[in-house]
Structures are given as C-alpha cells and as structure tokens.
Amino acid sequence: MAQTGLWLRWSWRDLRRRWPVVTAIALVIALGTGTYAGLLSTSAWRTQSNDASFALLNTHDLRVALPSGSTTEEGRLAAVVASLEHAGDVAAARERLVVPTQIAGPGDLLVTGELVGTDTLPGAAVDGVHVTRGRALGAADDGAGAVVADESFADKNHLTVGSELTVSGGARLEVVGRGQSPEYFIVTGGQGGLPFLTQKGYGVLFASLHTVQRAAGADGQVNDLVLTLRPGADRARVAAELSRALEIAQPPLAADLTTRDDIDAYRVLYDDIDGDEQLWRIVALLVLVGAAFASMNLTTRVVEAQRREIGIGMALGVPTWRLAVRPLLFGAQIAVLGVLLGLGVGWAVSIPLRDVFVGMIPLPIWRTPLQADVFAQAAVLGLLLPFVAIAWPVWRALLVQPVEAIRVGHLAARGSGLAPLLSRLRVPGRGYRQIPVRNVLRTPRRTLLTAFGIASAITTLVTTVGLLDTFGATLDRAEAEMLHTAPDRVSVALDTFQPLDGDVVRTVEQLPEVGSLEAGLRIPAVADPDGEGVDLLVDVLPAGARWQPTLVDGQPDGGLLLAEEAAADLGVGVGDAVTVEHPQATATGLRTVRTTMVVAGLHPNPMRVFAYLDPAAADALGLAGTANVMSVTPAEGRSADDVRRALLEVPHVASAQTPQAAIDGMRTTLDEFVGILNVAALITLLLALLIAFNTTSIAVDERSREHATMLAFGLPVRTVLGMTAVETVIVGALGTLGGIGGGYLVLRWMSATTISDVLPEVGVTASLSATTVVGALLLGIATVGLAPLFTLRRMRRTDIPSALRVME
Amino acid sequence: MEGVAEPRPAVDARAGSEGTRIDLDGVCRYFQVGDTVVKALDDVNLHVDESAFVVALGASGSGKTTLLNLIGSLDAPTAGTVRLAGVELTTASRAERTRARRSTVSFIFQSFNLFPGLTALENVQFGADVAGRDAPETVARQVLESVGLGDRARHFAHQLSGGEQQRVAIARALATGNPILLADEPTGELDFHTGVQILELLRAQAEAGKTVIVVTHNREISRVADRVIELSSGRIVADHRPVGGPAAIADLHW
Ligand SMILES: Nc1ncnc2c1ncn2[C@@H]1O[C@H](COP(=O)(O)OP(=O)(O)O)[C@@H](O)[C@H]1O
Ligand SMILES: [Mg+2]
C-alpha cells in the first residue's frame, strides 16, 4: 500500500530530524532492558555452573558423619556400607577423617580451618578435588606431609605451591597444589561454632587419610564416610538401609546420615539463586520503570512538537486513528532501535556481572552462555515500553480541537499555570531575572514532566546506592555492637564440652599470652522449630563478662536475649515465651530437647543468629560446670594474634577468632550483593546522567524563541545561559528531591519485603548515608544545571532570525 | 510637520551625530537551499541618516525581513558592509555586535514575542534593564503609560489582546531608549483598526526623533511614510519620499 510507505517515510524523517533525542530515548531503553537481561541472566548462569561443578567432582549422595570429637576404626564405616542389601547401588564410597584445626603459615597466617583426609583407594573419587594449581595428590602421598589447599583460601592468603604450613598438634605440611571441592566451594559459617566465616579466614586442607590421622594423632581412625550412587539408584532406599545398619551396629555408631541436599555449600549455592533473582528483578524493574518515565518525558515533547501537524491532519479530515499512526510508528522505530542497543548493553552489562560472580563464588566450572530467553523477554519489554510511553501524549494530542492544534503564535501560547498567582512574588534584581522562576511556574505540567523524568532516574540511583548504604549500615550496627567493649578479646571455641576446672581451661588460662579468661557455652538452637524455625547460636556468658550485649528492651537476665530481628521474625516481645530446640547433656551424652524459654530482652545486633542466656537460665541445658567457648583477653603487651598462635598448641581448641574477623565474615556474606549493586549503581548513574541531560536539553530547546528574543535585544549569551541554568536547576532540584524521597520509599519497601526474604538472617533497616543524599543532590542538580552549558555552542550559533520565526 | 528630507536630531543623547546612521554598501545575502542559491538580498545600497518613518515595502519573499535582520545585526551579509551607528558590523566581534544591538536598535516582531512568564510591565522593564537604564521600573511604567496601557501593567501576555500585546512590544522597544526601532510587519497579525493604532504609535516615535523602519507588504502603509524603500527579488527598486509628504494615518484603509 503506497500510503503505508508514506507514513513510514514520514516517521522515519521525524526520527532522523530528532536523532539526538531519539538516540537518547533508545539508549535509556537499552540501559533498562540491557540491565534486565544482564541481571536475570545470572540466575541461569549460576544454576548451570552449579550443576556442572557439583557433577564434575562426584559430589556425595549420602554422608555418614560421627558426632564432633568421636571417631571409629578405619574400615568400619566402609564395612557397614558394604553390608547393605543394595550395596550394588553404591558407585563409590570413601572413608574420611575430617578434623577442625588451626593453621599457621607463611607471613603471619594463622587461621581456623579443617583437615579433610580421604582414603586413596583406586576408582572414582567422591567429593573430589579439582586442582587448579600444582598437582593432585596421588598414592605416593599416602601418609606423607602433602596437602592440597583450598583455592580461595590459598589465593586470599597468598599460599603457593611449596608453602609450608603448621597445623594444630604441630604437624608440618607442604602445599603441593591448590584446588576446590564441592563441600567447600563456599564456606558458609557454622563450622567450629563460628557463625560468619570467610575463605580468607577459614582454611581447608585436603590430604590423604593417613596424613590427617597422623596430624590429628588419631592413627587408624575415621569419623566420616561419603558415597555416590549409580545413576538410577534409589537414594531414599539406600539411605534407609544405611540408617538402619548404623542403628544396629555393634558397638553402637551414633552417626548422622545426611544427603547431598544437606551440604551447606550446595544448599546455599542453589537457594541463593532464587532469593537473589528476586532482588535483581526488582532492581532491573526499577531501572526499566525509570527508563519508561524518562522515555515518556521525551516522547511527550516529540509529540507536542507534532501538535500542529496533527491539527492540520485533523483539518484535512484524516481519521484520528491514522493520525496516531505517525507518532506510534515513531515509537516503534525507537523501540526497535532501543532493543537493538539493549542487546548490546545487555551483553556489555553481563561482563562485569560475570566477573562479580566468578570472583565471588569460586566454582571449578563457570558457564555463562548468552541467555537467549532472558534476552527475548527483555526485548519484548523493550518493544512495549516506548509504546506505553508514547500512548499517553498521543492520546492527549488527539483529544484537542483541530483549531486549537493549528493555532499559532500568540494565541497558541495559552496562559496557564501559577505565574499569575505569583506575579507579586519578585526575585530581587533586574526584571528579567524573574523569567526563570516564572517559566517554571507558568508551565506546571511541563515542569512536572521534566522533574518526573529526573526524579525517576534519581529514584533508581538512590535505591541501588541506598541498598549498598543499607548493607553497610547493617554491618556498622553489628560492628558497633560486637566491639562496644573488649575489642581485643579472642573467642575460643573448643571441640567438646570441657569441665570449667578441667585441663583445657586451666592450660589456656596459664598461657603467658593470656591475660584473663571467661569460660562459657555456645549452643546451636532453633527457636520455634515447628513454625518460623529461626536458627540461633545461644551464648551463655559468665556473670560479669567483659563483653555483654547491649539491651534495647527488657532485662539482661531471667531468660533469653534475642536479636530484635529474631524477635520480629518470631513475632515475640519481651515477656513472651518461645519454644527452643537445643542440645541437652544427659548421662549418656547429648540429646535434643525442647524447652520453653521466656524472652527477657532484645539486643540490637542485626545478625539474628546471636542469642544470649544468663548462667542461671542456662541450667536447662544441663551443661552447668562445663564450657565449650572461652573469651580470652591477651595479657599486657600481648596481641590477639599472640594468643591465637599460642592456642595452636592446645588440644581441643577448634578455633580462635577475634570479633573483627567475625565482622569481616559478615561483610563477605554481603559482598556478592555489593558487587552486583555496584554494577547496577553504575548503570543507574549513567541512566540518571543521560536522562537529566536530555530532559534539560529538551527544556532548553523549548525556550529557543524566548532566548532568540533576548539575544535580539542584545542580552549577552552568557546571561541567557545563566537564566536557562537557573530555570533548569530549579526543576532539577525539584526532580532530585523527589527522586531522593522516592528512592528512600522504595528502599524502605524493599528492606521490609524483598531483602528480608533474601537475607532472613539479617535485620536490615533502610538507611541512606549522607554521602548518598548529598551525592544524589549534587549529581541531579549539577547535571541539569550544567546541561545548558553544552548548549552554549548551539546558542552562540543560534540563527536568531529563524529562531524568532519558529511560529511565523 | 517637518520637512521630509530634513534629518532630525536623535532624541537619545548617547546616539551622537553617528547615533542613527545606517549604511549598507553592496550588501548581498544568499542562502544555499539545496542545490540552488536564493538571493534574498542582492547588491543593496541603503543609507539612512535621518530620524524618520521609513517603510520598506515589498512582496512576500522580496527580502524585507532579511534586510531588517542585517540592519539589526541579527544576521551577517554574504558580501558587502553593514554599518550601524558608525560601527562596521561585518568585521565587528560578537561582543561588539551584541553591544550594538543592545544600545542602538530595538526590535518589534510580527508575532510580538513577549516573554510569556513576565507581566506587561515586566516585559517593558526588560527593555530598560537590558539597555542598562537607570530606574528601569519607573522608565517602564512611564513608557507603558505612554502607549496607553498603564492599566494593563500586571497582565500577562495571554491576558492581552493582539493590539495590546503589540503595544507592549513597542513599549519594550522604546524602554531601551535606543534610537532605531525595527518593526517587521508589526500589523501583520492585527485587524485594520488595531493596525492603524499601532502605526500611529510608531509614527509618533519617528516624530519624537527616532528612526523607525517598518517592513511591510502593505502598500497602504507606505503612504504615511517619510521615505519608502521598495524591494523586489532582493533588490532595491525604488527609494523615494511620497510626493507632497506623508498622508495622514486617518486616510488609510485596507
Ligand atoms: N534562513 C533562510 N534560509 C533559506 N532561505 C531563506 C532564509 N531566510 C530567507 N530566505 C529566503 O530569502 C528570501 C527572502 O526572505 P525574507 O527576507 O524573509 O522575505 P520577506 O520578509 O520579504 O517575505 C525568500 O525567498 C526566503 O525564502
Ligand atoms: Mg518577512
């Protein structure tokens, strides 16, 4: 149809004539859709990479683990497995000795960690080690002092092949390689009673079974067995048989049977994907919404410029729907351009995102292929967006009477707005100084539209940067709470419960490096196990302990002290009762019981895992007179490191950590978010700049006739420029303030909903740092204020006669 | 009424003997439009050194606006020289040209170009402000009064009729105190009756000592001029003074 060709050509010309604006809209859309595509691609990457990595190393299907501290003879667990009715389903089984240890090494390296000793039978490994540097362990290493160090641990502590390490008990080991194993892809905390760990501060060393037996002084002993099943084997059936076999074993084997799904690293690596995706989806949507508003702002202007031609079309009797075709075609062209650019942006955005993940989650295999379906989704969104953006202005333009649309000159300049009301309000100085303020007030709709465009960009920026602030503030609160007194203390965890007056406590107390010592208990527990199931680490602090939690509500004793976040999640307050599942000591060992405890008070640590009991209330635990943690203050002139080094030689010491190390551990928990948010913040910054800049230059264009009149009267360009800057700064300030407010609201909403879903264990409260607020203000106002400067060249070259003739 | 040929002294003290001189020598202004060159002005020589009511007459497209723009230094010629109050505009710096505009000429546009954000009074004050006059508000009030709009001071452009708007525009030009007024089709958007009022106002300025150059395609208007310059296809084809002096404005009709 020839007609179609005409309309297409016509809108194509519109596009070419306004190419800077069009490119800007397209870029804004591209940033929105590209971010969406990039952020959401990460979910698929992580799933694929997890699958590949866990498969590569034959991650165990079932694991038998003896309680901490106990062992059995080598071969006994393997025999139990071999005796199963469906033993044929087992592809491979490996006995191990996994022991907590302290590791000292080159430089001042001194960390808590564990030794993982696996038998070196021929055949496929279970929970194999993927060697990244140096060499793998072979049969020749059986019993020798060779270890493969966890890749991240080695990397962050600059361990190289050939590094010498000393572990608890004094054994010296040589690093012959660096590698990764599925259970330790990431270190999640919980090990050695330490809730927050980093791979820098927690070392995992893989060695032969006999090497570890020798180092741990447990010759011929194992405490763990891992096995894989043949493809198609029924895991539940084998698990049931194994569980039964362990129960009837003589002498008894009180072993824990777990599956692959119970591996912390496995669970966290998969679970995080969903949670994070929620967060990224919101960030991506925010960017998209910002882009939508911005493009609406721009398209409105374009359509308004076509107002008169639409009117002429109406006068010529062109049906309304056909008049809509041209601006809509214009929108379609922007959409296509935006999506094409968006694919490029998506690709570009995915590079830093990939780097963040690859750097953050050390997997042996990273698969980051282009996610066609995610990009297709983004493309659809990108195509719809400009139509949504252009629909409203087109609708408005088509509603007017033709005669109004055609009207030119002074009659078209209909008065509206608030200027008349405010004609009494005068800015001091020359009369024309009133113009910027009046212009802002005279066209409130346009002012609002511009301000809205800027606000939407700033909202997105403030939200993303605000998330960083919020995480930072959360850590600061944790840090303030944990370091408010005795920051030099060292928290020492023991691998078993030791009598308060026993050898271990006395040995530590008598170390010359140790100034004072407080022995206490740290008990893992679950509050409301049938409902919310909030994991707790309950510390029983001795009376008069140097460090005590701060109270925000209630009493320090008479019951449980919970984190505010835990109380909120459990829906309890001071004085309420809460069911707690916890271990209790009995004559025959530890068993799990439920006790109803009263919430005595609340403490402000945002990490909800921390809970405290006073010694009297701790009687319920049946652990009176024993300790499994100690808080040690270094002696005069000795440092925390001296204490930790000395503790290396003490048996039963599982770990020794300063509160600062725990805080660093928390920090890494949030680092992945921080990394991604940094990328997102950068994108939104770009978006904000682009939007602010374009909105402003459009606003400047709209004033071209007034500017020409001023120039014709001999006002210097710089004065005209200054007045424009004043006008745009007013609007920019309005938009920026709105954006900061909007950002804060979105942030609060996200903290209350998404973030508490994604990070339930952390109590975050929305907070914006002064830097963010001031930064956003400066950015918003400066960008719009400076934007007119970029029109300086154009203004100097203004063809005054033609600018004046615009409407004539 | 004074003799048409006799130059009148400039009213503004700042404009000395050179103050109102306009000299165009061999001025050409060509526009490249696609493949063709449009000769909007072609070898125009024009000298105005008197305070008078000068009408440039020509059909649409004959180059009238271009001529006015060159005089007002809104535009630069392709060839030839333009001097305004003794300042050679063609070689002047940007700042000098801006200053010339600020202190010598004042524009009155066909479509008024009032600042929509300013009241009538403020628009007029704009002129006084730009020219750096003392007590600009007082000047503005007086000038607005003199064009008969003292009671419209607080109105915005959209609250005024076309004729009122044009009178505000004239007041704005007058408030600068500049000796030369350049008016491009000042009655083009107005009805006959209002148009005549505007002409009267402009003529009065010439009688008060200003040089007023009005550009129009309306031959009637040229009857009331002291001097008529006829343009056709970018050339001056006639430059004469009406025989027997200008007609009375009351005699006009179109
Ligand atoms: N900026 C321009 N670009 C191209 N042609 C122009 C431009 N300005 C004026 N012209 C042409 O120059 C001629 C004279 O224009 P103009 O001075 O506006 O005429 P008038 O005011 O007498 O109607 C016309 O043919 C017009 O099309
Ligand atoms: Mg003209």
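L383(A) sits in helix α10 (residues 372-399) of chain A; helices here are DSSP runs of H or I with at least four residues, strands are runs of E with at least two, and both are numbered from the N terminus. With a relative accessible area of 35%, L383(A) is partly exposed. On this scale buried means under 20% relative accessible area, exposed means over 50%, and partly exposed lies in between, using a 1.4 Å probe and protein chains only.

This is a predicted model, in which local features need pLDDT of at least 70 and side-chain atom pairs count only at pLDDT 80 or more, while totals for chains, interfaces and linings use all residues. Residues are numbered from 1 along each chain as its sequence is written, chains are lettered from A and ligands numbered from 1 in the order in which they are written, and side-chain values use heavy atoms, with hydrogens and water left out.

## A nonpolar patch

L383(A) belongs to a nonpolar surface patch with V336(A), L340(A) and L343(A), and together they have about 330 Å² of accessible area. Patches are made of residues with over 30% relative accessible area and no salt bridge, with like charges joined within 9 Å and nonpolar side chains (Val, Leu, Ile, Met, Phe, Trp, Tyr) joined within 5 Å. Helix α9 (residues 320-360) of chain A gives the most to this patch, three residues.

## Chain A as a whole

Chain A contains 23 helices and 22 strands. Its C-alpha atoms fill a box of roughly 105 × 60 × 50 Å along the principal axes. Of the 808 residues in chain A, 54% are buried. The accessible surface of the chain is about 32800 Å², and carbon and sulfur atoms account for 59% of that; accessible areas come from the Shrake-Rupley method with a 1.4 Å probe, and for residues only the protein chains shown count as cover.

Contacts (heavy atoms within 4.5 Å) often join parts of chain A that are far apart in sequence: among those between residues at least 6 apart, 84% join residues at least 24 apart. One residue with such contacts to consider is E727(A), in helix α20 (residues 717-758) of chain A. E727(A) counts as buried at 10% relative accessibility. Apart from neighbours within four places in sequence, E727(A) is in contact with P436(A), N439(A), V440(A) and R703(A).

## Salt bridges

Over all chains, the whole structure has 42 salt bridges, each a side-chain nitrogen of Lys or Arg within 4 Å of a carboxyl oxygen of Asp or Glu. Three pairs are listed here.

| Pair | N to O distance |
|---|---|
| D276(A) and R46(A) | 2.8 Å |
| E277(A) and R281(A) | 2.7 Å |
| R506(A) and D503(A) | 3.8 Å |

D276(A) lies in helix α7 (residues 264-305) and R46(A) in helix α2 (residues 19-56) of chain A, so this pair ties together parts 230 residues apart in sequence. D276(A) is buried, at 1% relative accessible area, and R46(A) is buried at 4%.

E277(A) and R281(A) both lie in helix α7 of chain A, four residues apart, about one turn of the helix. R281(A) is partly exposed, with a relative accessible area of 32%.

R506(A) and D503(A) are three residues apart in helix α15 (residues 503-510) of chain A, which means that about one helical turn separates them. R506(A) is partly exposed at 39% relative accessibility, whereas D503(A) is exposed at 57%.

A network of salt bridges links R63(A), R96(A), D127(A), E183(A) and D224(A).

## Where chain B meets chain A

In the interface, 34 residues of chain B are in contact with 33 residues of chain A. The size of an interface is often given as the accessible area lost when the parts come together. Between chain B and chain A the buried area is about 3100 Å², with 60% given by carbon and sulfur atoms; buried area is the accessible area (1.4 Å probe) that two parts lose on being put together, summed over both.

The rule finds zero salt bridges across this interface. Four residue pairs, both at pLDDT 80 or more, are in polar contact between the two chains. A polar contact is a pair of N or O atoms within 3.5 Å; within protein, one must be able to donate a hydrogen and the other to accept it, and residues adjacent in sequence count only if both atoms are side-chain atoms. On the side of chain B that touches chain A, two or more residues each come from α2 (94-103), β6 (105-108), α3 (120-130) and α5 (162-175) of chain B. The largest share of that side, five residues, comes from α3(B).
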